[in-house]
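User: Please take a close look at one chain of this structure, covering where it meets its partner and how its own parts are arranged.

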Amino acid sequence: MARKTPGLNTSSMSDISFLLLAFFLMVSNINSDMGLARKLPPPLPENVEPPEVRERNIFVVMVNKDDRLLFNTEYGRIEDLKDRAKEFLGNPNNDIHMPEKQATEIPLLGTYEVSKGVISLRNDRGTSYDMYLQVQNELTAAINEMRNELATTRFGKRYTDLNEEQSKAIDQAIPMAISEAEPTKIGGK
Amino acid sequence: MARFTGKKAKETPALNMGSMSDIIFMLLFFFMVITTMRESSLYVKIIPPQGSEVTKLAKKSLVSYINVGVPLPDQQKKYGTEPRIQLNDQISEVSDLITFVEQERQQRSEADRPFITTAIKADKQVRMGMISDIKQELRKAGALKIFYNASKGGRR
């Protein structure tokens with residue numbers, strides 16, 4: 001009888017495929033892109049005047065080319081921005097210098113006093129992108145916190161855990177009221 | 001038959017490793033499918049800013065990327081040291097954006113077009129003038145859904 005061919009030793013096969021696996025794990029990136037989503041306003045028609053907004057309804061945040069902040073008329077720090085924005089949009093004491101509220105009928109929430117406040121963000125052409133994103137981040141944080149508070153009092157859940165209908169209602173009650181002015185060109189490159 | 005002779009049956013049989021490789025290949029394929037290879041190599045250096053409120057970008061297939069940053073050292077001879085825009089595989093000008101958006105639109109099916117998001121991946125050192133120019137062009141092109149790329153992190 002002819003000699004039997006010995007069975008191929010396949011135990012190293014797993015090692016080889018492990019190597020391959022490790023290689024792919026290293027070179028590929030499970031790219032989870034993180035960031036802030038925004039919506040740009042559609043281009044304005046030439047001859048249309050922008051709607052007039054009353055002064056008490058605007059909170060101006062300016063960032064200059066040295067990344068310094070100005071809230072309305074005074075210097076501010078980035079750490080204070082979130083609280084200022086929350087105070088402005090919430091207007092808990094119905095201060096006459098703070099934005100008006102408009103009672104609106106919202107499904108699931110009933111009549112809710114929606115703030116008419118708008119945060120106007122203006123930046124210089126020389127502002128760094130980093131600072132700009134920090135400001136956007138703080139403003140988002142303010143709105144997220146307010147939405148979270150409302151969601152917990154009304155639905156007993158965090159905003160992120162709400163279903164679509166509920167989160168839509170909350171979005172309507174606390175809109176993402178950030179408006180960006182056309183950038184100015186004062187110094188800087 | 002040797003199996004029934006009794007003496008050998010008492011030894012623990014060696015584990016059959018034959019299917020091990022199959023399992024690992026399955027793992028391998030799984031990872032190959034879910035991961036994406038980097039499509040185009042970056043010519044610009046990007047260190048994204050950090051934010052605490054960042055969210056995940058949904059629907060990766062509907063995203064077109066705009067990379068903004070200073071060209072990498074080996075590209076600086078060709079493209080200079082000022083921040084540049086990279087679209088797909090080449091360094092471009094702000095004025096190319098409208099064509100770029102149009103191209104990206106053509107690649108997607110009609111039903112998906114309203115959901116295209118433009119992700120701006122910019123280095124944190126980039127000045128806002130550039131970003132504003134990009135935003136203005138995007139507004140003109142009608143690509144209104146944008147996304148500022150940032151990495152997750154606390155306050156500076």
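Analyst: The answer takes chain A, going from the interface to two loop residues and then to a helix pair.

This is a predicted model, in which local features need pLDDT of at least 70, side-chain atom pairs count only at pLDDT 80 or more, and totals for chains, interfaces and linings use all residues. Residues are numbered from 1 along each chain as its sequence is written, while chains are lettered from A and ligands numbered from 1 in the order in which they are written.

At the interface, 43 residues of chain A are in contact with 46 residues of chain B; two residues are in contact if their C-beta atoms, placed from the backbone, lie within 7 Å. On the chain A side, the elements giving two or more residues are α1 (11–27), β1 (34–39) and α3 (129–155). Helices (H or I, at least four residues) and strands (E, at least two) are DSSP runs, numbered from the N terminus. By class, this side of chain A holds 18 nonpolar, 18 polar and 7 charged residues. Here Ala, Val, Leu, Ile, Met, Phe, Trp, Tyr, Cys and Pro count as nonpolar, Asp, Glu, Lys and Arg as charged, and the others, Gly among them, as polar.

β1(A) also pairs with strand β3 (residues 55–56) of chain B, in the antiparallel sense and over 2 bridges; strands pair if DSSP finds at least two bridges between them. Within β3(B), T55(B) is the bridge partner of G35(A).

Two loop residues of chain A have positive phi without being glycine. D67(A), with phi near 65 degrees, is found in the loop between β2 (58–63) and β3 (69–71) of chain A. D67(A) has 18 other C-beta atoms within 10 Å, so it is partly exposed (buried means 20 or more such atoms, exposed 12 or fewer, partly exposed in between, with C-beta atoms placed from the backbone). N72(A) has a phi of about 50 degrees and lies in the loop between β3 and β4 (74–76) of chain A. N72(A) is partly exposed because 15 other C-beta atoms lie within 10 Å.

α3(A) also packs against helix α4 (residues 164–173) of chain A, at an angle of about 125 degrees and with the axes 10 Å apart. Axes are lines fitted to C-alpha atoms, for helices over the stretch in contact, and angles run from 0 to 180 degrees between N-to-C directions. α3(A) is therefore oblique to α4(A) (under 35 degrees is roughly parallel, over 145 roughly antiparallel, 65 to 115 roughly perpendicular, the rest oblique). In this contact, R147(A), L150(A), A151(A) and F155(A) of α3(A) meet Q166(A), I170(A) and A173(A) of α4(A). These residues divide into 5 nonpolar, 1 polar and 1 charged.
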